[in-house]
Amino acid sequence: MPDNLVRRRGAERYAVHQEVRGGQAELLPDLSRDGSWLLFIDGVPQSQVDLADPGYLEFEYVRRIGHVIDLAFPEGEPLRALHLGGGALTLPRYVASTRPGSRQLVAEIDDQLTAMVRERLPLPGGKHSGIRVRAADARETLESVRPESYDLIISDVFAGAETPFHLTTAGCAEAAARALAPGGIYAANVADGAPQKYIRAAVATIRSVYKEICVIAEPAVMRGRRLGNFVIAASSRPLPAAGLRRACAGDPFPARVIEGGELDRFTGSAPVITDADGTYPTTP
């Protein structure tokens, strides 16, 4: 049996290794679930996809974004969604599955990765999935779309361990606000650890543009005890914070939701990041 062949319950699933623009990509069968796959780039986990159940979300931060989507909009309502960063297209598949008829655009600059994913993990419905992928820079795509043309914008872009600088600035947050319909939701994934200068600056920056904002993370991550993912949700309208607290508390790895005064204390004196800065600022 070849080294990269996996047998599970009579089925054969092959691991796939391919060089893409962003590095060495690997699609590995998830042995815990039939039909589920894991995407790694240079050994770092990027995405999980369950072909048999696109509504299943394995990664905890992705589940939290899923909670935001589920609670911020009426159940089953089709959405116009813009995804900054594509990976294995986990969240576009989720929206297509839970909200049939949604129209979605994905900005994924790595066209080789997209081709690999589409070949090995085909989209349900193929060309009729409602999901379009544009091989373009996420910020350029964001600035090119029509005003008020999306209900939901999700930012989940990494180059190595960091979000590219031009996707972290107030200018980027303003471009997202322009692209959102009134009451639309902007959700961003930020990875950070102690001393939490990136996440605190990210919160200050997004808060400078949006009236309502909350942050979701595991308690140990929130306290800076270890590296992890923060989900920032922002809008011009009140967010479903109470519902998010209940949903996140019931996850396999429970998370906290902070807003208002608690978020003030968390953010402290962190600076707003602008395009003119050119690099991440330091914080006290």
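Two strands count as paired if DSSP finds at least two bridges between them. This criterion underlies the strand pairing described in the legends below, which refer to a predicted model.

**The eight-stranded sheet and its edges.** The strands of this open sheet follow the order 9-8-7-10-11-13-12-14, and their pairing is mixed. Strand 9 (131–134) and strand 14 (256–258) form the edges, each of them pairing on one side only. On average, neighbouring strands in the sheet are turned by 15° against each other, with direction ignored.

**Helices packed on the sheet.** Helix 1, spanning residues 60–72, packs on the sheet and touches strand 10 (150–155), strand 11 (180–192), strand 12 (212–217) and strand 13 (228–235). The direction of helix 1 makes about 20° with that of strand 13. Helix 9, formed by residues 260–267, also packs on the sheet, where it touches strand 12, strand 13 and strand 14. The direction of helix 9 makes about 90° with that of strand 14.

**Parallel pairing of strand 8 with strand 7 and strand 9.** Strand 7 (residues 80–84) and strand 8 (residues 103–107) run parallel and are joined by five bridges. Strand 8 is also joined to strand 9, again in parallel, by four bridges. Val 106 of strand 8 stands opposite His 83, and the bridge partner of Val 106 in strand 9 is Val 133.

**The two faces of edge strand 9.** In a regular strand, side chains alternate between the two faces of the sheet. In strand 9, Ile 131 and Val 133 make up the covered face, whereas Arg 132 and Arg 134 make up the uncovered one.

**The second largest pocket.** This pocket has a volume of about 220 Å³. Its lining includes the arginines Arg 80, Arg 103, Arg 132, Arg 134 and Arg 146. Gln 104, Leu 105, Gly 130, Val 145, Ser 149 and Tyr 150 also line the pocket. Strand 8 and strand 9 each supply at least two lining residues. The largest share, three residues, comes from strand 8. Arg 132 and Arg 134, which belong to the lining, are the residues of the uncovered face of strand 9.

**Gly 86 in the loop after strand 7.** Gly 86 lies between strand 7 and helix 2 (90–98). Its relative accessibility is 13%, so Gly 86 counts as buried. Residues up to four places away in sequence aside, Gly 86 touches Val 106, Ala 107 and Glu 108. The C-alpha atom of Gly 86 is separated by 8.5 Å from that of Ile 109, 23 residues apart along the chain.

**A cis peptide bond and a positive phi in the loop before helix 6.** Most residues other than glycine have a negative phi, and most peptide bonds are trans. The bond from Ala 194 to Pro 195 is cis, with omega near 5°. Pro 195 is placed in the loop between strand 11 and helix 6 (197–207), and Gln 196 is also in the loop between these elements. Gln 196, although not a glycine, has a positive phi of about 65°. With a relative accessible area of 9%, Gln 196 is buried.

**Positive phi at Glu 148.** Glu 148 is not a glycine, yet its phi is positive, at about 55°. This residue lies in the loop between helix 4 (138–144) and strand 10. Glu 148 is partly exposed, with a relative accessible area of 48%.

**Two buried cysteines without a disulfide.** A search of the whole structure finds zero disulfides. The sulfur of Cys 214 has its closest cysteine sulfur in Cys 248; because the two are 8.4 Å apart, they are too far for a bond, the cut-off for a disulfide being 2.5 Å. Cys 214 is buried, with a relative accessible area of 1%. Cys 248, likewise in no disulfide, has the sulfur of Cys 214 as its nearest cysteine sulfur. The relative accessible area of Cys 248 is 0%, so this residue is buried.

**Ala 270 in the segment after helix 9.** Ala 270 counts as buried, at 12% relative accessibility, because the cut-off for a buried residue is under 20%. A distance of 9.0 Å separates the C-alpha atoms of Ala 270 and Tyr 198, which are 72 residues apart along the chain.

Definitions and conventions:
Residues are numbered from 1 along each chain as its sequence is written. This is a predicted model: local features need pLDDT of at least 70, side-chain atom pairs count only at pLDDT 80 or more; totals for chains, interfaces and linings use all residues. Side-chain values use heavy atoms; hydrogens and water are left out. Axes are lines fitted to C-alpha atoms, for helices over the stretch in contact, and angles run from 0 to 180 degrees between N-to-C directions. Contact means heavy atoms within 4.5 Å. Buried means under 20% relative accessible area, exposed over 50%, partly exposed in between (1.4 Å probe, protein chains only). On a 1 Å grid over the protein atoms alone, a cavity is a set of points where a 1.4 Å probe fits but cannot get out, and a pocket is an open set with protein on both sides within 12 Å along at least five of seven lines; lining residues have an atom within 4 Å of a point. Grid points are joined across faces, edges and corners, and a volume is the space filled by probe spheres set on the points.
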